[in-house]
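Q: Could you take a close look at one part of this structure for me? I'd like to hear about the aromatic rings and what sits around them.

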Amino acid sequence: MDKRIVLAQGDITRQDTAAIVNAANSSLLGGGGVDGAIHAAGGPAILAECKQIVARQGRCPVGGAVLTTGGNLKARYVIHTVGPVWRGGRHNEDKLLADAYTNCLALALEHHIRSIAFPSISTGAYRFPIERAAPLALSTVAAFLAERDQLDQVRFVLFGERDFSIYRAAYERLTQEPS
Ligand code: ADP
């Protein structure tokens with residue numbers, strides 16, 4: 001596994017990476033879960049920019065990503081992405097989840113961001129099974145990093161102990177696989 005990928009347990013709003021990722025919804029108007037936590041901690045500047053983005057380019061498609069200020073957060077930027085809602089697994093959910101991670105990383109590179117923290121996209125209210133999401137998230141990021149050297153660290157920040165141990169097991173499994 002790429003050494004630049006790091007797992008941590010905790011609250012993403014407290015991370016000191018240059019950018020943190022928000023698991024948003026297409027309206028970009030805020031919501032519950034990690035989205036609510038980021039807007040609460042970051043202050044109103046983030047929502048104001050989200051509204052400007054929606055006025056300019058419309059709602060954010062599933063798998064897409066947009067960038068705003070980090071407001072009052074330690075992170076300078078928030079990258080808002082929209083993961084897929086789980087609908088049984090045959091509605092392109094895997095591809096859309098991978099797109100969400102990849103588009104966040106591509107946007108980070110465009111803005112010369114060298115460190116980024118991700119939550120576990122789609123595995124809360126959107127009900128994507130975390131046992132399936134974890135290896136997909138990790139392998140998607142690893143594949144992206146394998147071709148680029150502009151990023152120093154990609155941190156996965158898992159909120160709960162159970163989520164953290166599922167990601168850790170997936171990380172170890174991918175480490176054992178010959179690449
Ligand atoms: P989605 O709608 O994409 O499923 P959620 O916010 O409902 O997004 O959940 C995504 C993941 O974020 C869940 O695993 C949830 O436990 C986690 N989460 C919630 N709050 C935080 C936080 N402050 N920091 C990190 N992860 C969080």
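How many aromatic pairs does the structure hold?

A: Sure, and keep in mind that this is a predicted model. The count of aromatic pairs comes to five. Let's zoom in on Y101 and F156: their ring centres are 5.9 Å apart and the planes sit at 40°, so this pair goes down as tilted. The label follows from the cut-offs, because planes under 30 degrees apart would be stacked and those over 60 edge-to-face. As for where the two partners live, Y101 belongs to helix α3 (residues 93-110) and F156 to strand β6 (residues 153-158), so the pair ties together parts that are 55 residues apart in sequence.

Are these two buried or exposed? Y101 has a relative accessibility of 1%, so it counts as buried. F156 comes out at 0%, so it is buried as well. The pair isn't on its own either: ring pairs link Y101 and F156 with F118 and Y167 into a cluster.

Now follow each partner outwards, starting with the helix side. Helix α3 packs against helix α4 (residues 130-146) at an angle of about 40°, and the axes are 9 Å apart. That crossing is right-handed. Y101 turns up here again, as one of the α3 residues making the contact, along with others including L97, A98, T102 and L105. From α4, the contributors include L136, A137, T140, V141 and F144. F144 has something else going on: R148 lies over the face of its ring, at 3.8 Å from the ring centre.

On the strand side, F156 is in β6, which takes its place in an open sheet of six strands, ordered β1-β6-β5-β2-β4-β3 with mixed pairing. The edges belong to β1 (5-9) and β3 (65-69); each has a single partner strand, so one side of each lacks a neighbour in the sheet. On average, neighbouring strands are turned by 25° against each other, ignoring direction. Over at the β3 edge, five bridges join that strand to β4 (residues 77-82), and the two run antiparallel. Within that pairing, A65 stands opposite T81 of β4. There's a helix on this sheet too: α1 (residues 33-42) lies across β2 (19-24) and β4, running at about 130° to β2.

So, back to where we started: the tilted pair has Y101 on one side and F156 on the other, with Y101 also part of the α3 and α4 contact and F156 sitting in strand β6.

Note on methods. Residues numbered from 1 in each chain as written. Predicted model: local features only at pLDDT ≥ 70, side-chain atom pairs only at ≥ 80, totals over all residues. Heavy atoms only, no water. Pairing = 2+ DSSP bridges. Helix = DSSP H or I, 4+ residues; strand = E, 2+ residues; numbered from the N terminus. Axes fitted to C-alpha atoms, helices over the stretch in contact; angles between N-to-C directions. Contact = heavy atoms within 4.5 Å. Phe/Tyr/Trp six-rings, centres within 6.5 Å; stacked < 30°, edge-to-face > 60°. Buried < 20%, exposed > 50% of the residue type's maximum accessible area, 1.4 Å probe, protein only. Lys NZ or Arg CZ within 6 Å of the ring centre and 35° of its normal. Left-handed = near helix turned anticlockwise from the far one by under 90°.
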